[in-house]
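Visitor: Got a minute to go through this one with me? I'd like to start with how the helices pack.
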Amino acid sequence: MKKVYVNEDWCLACHLCEFYCAAANSGAPDMVKAFKSGKKPVPRIQVEEGSDVNFAVQCRHCDGKACVKGCITGALSIKDGVVVCDESRCVGCYTCVLSCPFGCIVIDEEGHRIQKCDLCTKNHDGEPACVQGCPNKAIVFEER
Amino acid sequence: MAIEFMNPLFEVIRDSDRCIKCRVCERQCANEVHKYDADLDKMISNEMTCVDCQRCVCLCPTHALKIRPNENQFRENANWTHQTMDEVYKQAGSGGVLLSAMGNPKDLPVYWDRILLNASQVTNPPIDPLREPMETKTFLGKKNQGITYDENGKAHYDKTPYLELDVPIMFSAMSFGSISKNAHESLARAATELGTFYNTGEGGLHRDFYKYGANTICQVASGRFGVFKGYLDAGAAIEIKMGQGAKPGIGGHLPGMKINDEISRTRMIPKGTDAISPAPHHDIYSIEDLRQLVISLKEATNWEKPIIVKIAAVHNVAAIASGVARSGADIIAIDGFRGGTGAAPTRIRDNVGIPIELALAAVDSRLRDEGIRNDVSVVVGGSVRSAADVVKAIALGADAVYIATSALLAMGCHLCRSCNTGKCNWGIATQRADLVKRLNPDIAAERLVNLVTAWDHEIKEMMGGMGINSIEALRGNRLMLRGVGLTQKELDILGIQHAGE
């Protein structure tokens, strides 16, 4: 299946992916509205910066041994290879946040629940927002 | 603190209703114009260092930015313009020669825009390139002087080395040093895909790019940087650079701070030392000397590669080209005064040389008059901006054109003309690793291929309109050109008639 991969050679640490991700998942029709009305939306992708190397990290959609197995309410599950969260069942215990080896599960802007990358299956057509927004093809959506 | 006599050239207009303080502008500006102030929770600007490269504008996700010329102007004066005054202030402050980059921006005549093309009507039908064959392939090199037949009727002719171009457009010389490794790789990959050539410039050939050798023109300039047997053998042709349109009569200077490990290795000079190309080739003071170098290079490469001699368009360019044609060179490249550069003294760039249109017409006429036009191909560069310019150049007598500024634009350059600062925000004219990274050759090579492919389509459309179906039939076909608003003298030099004639 197609997944999001990063190529650190081309990541500029511009952080645009974070903003495109946050806006796309906010439900707002455009980025200005997403960031200017109420609490700032939290991105599900995060750029890790080093002195020479930078790259964006979001859920690897691995076999879910850590987060899915650790979830106490069954909110996390794997659907068609994508690790998804049923937010109505999340109680905010943050077991998954602690157990994800990549640090890819984040707490939402309200601070009550977790949120994570679902490859934009709920909000976007085609390529995920971070991939579309990357100016240097450092994030790609492809079969490997 | 001393008084700053100069004003910022530009104003950063930030629409606070749109700005979401994502700080992308701050992270992307190598000139440190934008800054986030946490106390004020606001983006602030220091416009003094802004060069209007438009990187922040292009990357701003909410289109909150505009860069405008600074409205604050000195008192109006037609003689002492704002720019003239700024230059005096700058020199009074620095005591140095003014440096500029890219081509001459002055409002001097652009003859391409004063030349119009013909089209067929009624008596000779136009050709539709989508339905009928149309050829933009061309060959550069000496044309065969004659064919002899032996007693069995088999044809014999002297085969001289030539270049085969799928489109009559090549990427002109830009050295690794003046542009980044990623920019070079983009050009190399695009040239390979397009079936044309790119040019190493005088900076040698990076070891990673020998694989693109079949589409590489290796330049030998006055500094001889990176020249050795392997380099000469690597390319499809060798170009001797006698002059450059942006700075005829002077050499080059790549500052030591840009000579990093890779460039030092490629140019074969110590790291951190200035790379200075002398104004003349110290072994060339006559056409005979040039001939010696042409023949030496041919000898060194087993007479298998065509030799290009590149000259700047200067006053007596026709006579010089005639000499070059007799030096044994296979191709003459002429670079007009609007050609770009990574750095040149401003006064030279803006005041030396002549327009390429006039130079081309003069050279082509002279070579034909002397009966030596078939001994060489003529390639022109120096601000070929569109497919229309290409068609006009070929109709004036060129065999092909060199493009570089257009190629840089395709890669992202916004002509801020600050290459000499080494802080190119688009990752093109810089050697700073964090900036070089901004140019992904996967993207840039594709954009270059798109550009040349688009121009190729347009060339075919325009040729078709004239009822011409090959570059060979368009070449030197000045009857297809008419001038508008030109004096009789200009028309005479261009060898074309006025519109209506």
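Visitor: How are H4(B) and H14(B) set relative to each other, oblique or parallel?
Guide: This is a predicted model, and in it helix H4 (residues 181-194) of chain B packs against helix H14 (residues 441-465) of chain B at an angle of about 45°. Angles from 35 up to 65 degrees count as oblique, so H4(B) and H14(B) are oblique to each other.

Visitor: And what's the axis separation for H4(B) and H14(B)?
Guide: Their axes are 8 Å apart. The crossing of H4(B) and H14(B) is right-handed.

Visitor: Which residues of H4(B) and H14(B) make the contact?
Guide: On H4(B) you have Asn182(B), Glu185(B), Ser186(B), Leu187(B), Arg189(B), Ala190(B), Glu193(B) and Leu194(B). H14(B) brings Pro441(B), Asp442(B), Ala444(B), Ala445(B), Leu448(B), Val449(B), Val452(B) and Thr453(B). By class, that contact of H4(B) with H14(B) splits into nine nonpolar, three polar and four charged residues.

Visitor: OK, other pair. At what angle do H8 and H10 of chain B cross?
Guide: Roughly 50°, for helix H8 (residues 317-326) of chain B and helix H10 (residues 356-369) of chain B, with the axes coming within 8 Å. That makes H8(B) and H10(B) oblique to each other as well, and H8(B) crosses H10(B) in a right-handed sense.

Visitor: What sits in the contact of H8(B) with H10(B)?
Guide: H8(B) puts in Val317(B), Ala318(B), Ala319(B), Ala321(B), Ser322(B) and Ala325(B), and across from them H10(B) has Ala359(B), Ala362(B), Val363(B), Arg366(B) and Leu367(B). The tally there is nine nonpolar residues, one polar and one charged.

Visitor: Zooming out, how is chain B divided into domains?
Guide: Domain 1 covers 10-96 and domain 2 covers 138-498. The C-alpha centres of these two domains of chain B lie 35 Å apart.

Visitor: How many residues of domain 1 of chain B are in contact with domain 2 of chain B?
Guide: 13 residues of domain 1 of chain B, and they meet 11 residues of domain 2 of chain B. Between them the two domains of chain B bury about 1,100 Å², 47% of it on carbon and sulfur atoms.

Visitor: Which three residues supply the most on the domain 1 side of chain B?
Guide: Ala30(B), Cys53(B) and Arg55(B), with 47% of the area that domain 1 of chain B buries against domain 2 of chain B.

Visitor: And chain A, how is that one divided?
Guide: Domain 1 of chain A is 1-58 + 118-144, and domain 2 of chain A is 63-116. Their centres are 19 Å apart over C-alpha atoms, and 13 residues of domain 1 of chain A touch 15 residues of domain 2 of chain A. The two bury about 1,100 Å² between them, with 55% of that on carbon and sulfur atoms. In domain 1 of chain A, Lys39(A), Val42(A) and Arg44(A) lose the most area, together 43% of what that side buries.

Visitor: Last thing: how much do chain B and chain A bury between them?
Guide: About 1,700 Å², 60% of it on carbon and sulfur atoms. The contact takes 21 residues from chain B and 22 residues from chain A.

Visitor: Which three residues of chain B supply more of that area than any other three?
Guide: Ile20(B), Arg27(B) and Lys437(B), which supply 34% of the area that chain B buries against chain A.

Note on methods
Residues are numbered from 1 along each chain as its sequence is written. Chains are lettered from A and ligands numbered from 1 in the order in which they are written. This is a predicted model: local features need pLDDT of at least 70, side-chain atom pairs count only at pLDDT 80 or more; totals for chains, interfaces and linings use all residues. Side-chain values use heavy atoms; hydrogens and water are left out. Axes are lines fitted to C-alpha atoms, for helices over the stretch in contact, and angles run from 0 to 180 degrees between N-to-C directions. Helices (H or I, at least four residues) and strands (E, at least two) are DSSP runs, numbered from the N terminus. Angles under 35 degrees count as roughly parallel, over 145 as roughly antiparallel, 65 to 115 as roughly perpendicular and the rest as oblique. A crossing is left-handed if the near helix is turned anticlockwise from the far one by less than a right angle, and right-handed if clockwise. Contact means heavy atoms within 4.5 Å. Ala, Val, Leu, Ile, Met, Phe, Trp, Tyr, Cys and Pro count as nonpolar, Asp, Glu, Lys and Arg as charged, and the others, Gly among them, as polar. Domain bounds come from an automatic or database domain assignment. Buried area is the accessible area (1.4 Å probe) that two parts lose on being put together, summed over both.
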